[in-house]
Amino acid sequence: MSLHIVQEYLKPYAKDSQIIELSQSSATVELAAQALGIQEGRIAKTLSLWVKDHAVVIVCAGDCRIDNRAFKEVFK
């Protein structure tokens, strides 16, 4: 998704000016935290998964780990 599309979507909510565009890679929690000069726990890590016929999105602190066994028990 292009930055312009995201900005246009967020404009009615007055959030378009809060987008942070980094010149460095933010591909991992570690890189994003370094680029922003913050702790990894302040990064929102998102995981999107397809479970059966539904999308599941998990958002957690960047320094958290997902317990695969617990996830499988809850979502089968």
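## Two cysteines, no bridge

Let's start with Cys60, which is buried at a relative accessible area of 16% (buried means under 20% relative accessible area, exposed over 50%, and partly exposed in between, with a 1.4 Å probe and protein chains only). This is a predicted model, where local features need pLDDT of at least 70 and side-chain atom pairs count only at pLDDT 80 or more, while totals for chains, interfaces and linings use all residues. Residues are numbered from 1 along each chain as its sequence is written, and side-chain values use heavy atoms, with hydrogens and water left out.

So what about a partner for Cys60? A search of the whole structure turns up zero disulfides (a disulfide being a pair of cysteine sulfur atoms within 2.5 Å). For Cys60, the nearest cysteine sulfur belongs to Cys64 and sits 5.3 Å away. Cys64 is in no disulfide either, and with 32% relative accessibility it counts as partly exposed.

## Helix α2 and its buried face

Which residues of helix α2 are buried? In this helix, residues 29-36, they are Val29, Ala32, Ala33 and Ala35. (Helices are DSSP runs of H or I with at least four residues, strands are runs of E with at least two, and both are numbered from the N terminus.) Looking down the axis of α2, the buried residues fall within an arc of 165°, so they line one face of the helix; the arc is that of the directions from the helix axis to the C-beta atoms. As a reminder, an α-helix has 3.6 residues a turn, so residues three or four places apart point the same way.

The buried residues of α2 pack against β1, residues 44-51. Leu31 also belongs to α2, but Leu31 is partly exposed, at 33% relative accessible area. Setting aside neighbours within four places in sequence, Leu31 is in contact with Ser25 and Ser26 (contact means heavy atoms within 4.5 Å). Right after α2 comes Gly37, with a positive phi near 70°.

## Loops and positive phi

Two residues that aren't glycines show a positive phi of about 55°: Ala14 and Lys52. Ala14 lies in the loop between α1 (3-10) and α2 and is exposed, with a relative accessible area of 52%. Lys52 is in the loop between β1 and β2 (54-61), and Lys52 is exposed too, at 63%.

Ser23 is another resident of the α1–α2 loop, and it is exposed with a relative accessible area of 79%. In sequence Ser23 and Ala35 are twelve residues apart, and in space they are 8.3 Å apart, C-alpha to C-alpha.

## The ends of α3

What caps the N-terminal end of helix α3? That job goes to Asp67: one of its side-chain oxygens lies 3.1 Å from the backbone nitrogen of Arg69, with α3 itself covering residues 68-75. Just after α3, Lys76 takes a positive phi of about 60°.

## The largest pocket

The largest pocket has a volume of about 160 Å³. Its lining is made up of Val29, Ile43, Ala44, Lys45, Thr46 and Val59, and β1 gives the most to that lining, with three residues.

Here is how that was worked out. On a 1 Å grid over the protein atoms alone, a pocket is an open set of points where a 1.4 Å probe fits, with protein on both sides within 12 Å along at least five of seven lines, and lining residues have an atom within 4 Å of a point. Grid points are joined across faces, edges and corners, and the volume is the space filled by probe spheres set on the points.

How values were computed. Polar contact = N/O pair within 3.5 Å; in protein donor to acceptor, adjacent residues only side chain to side chain.
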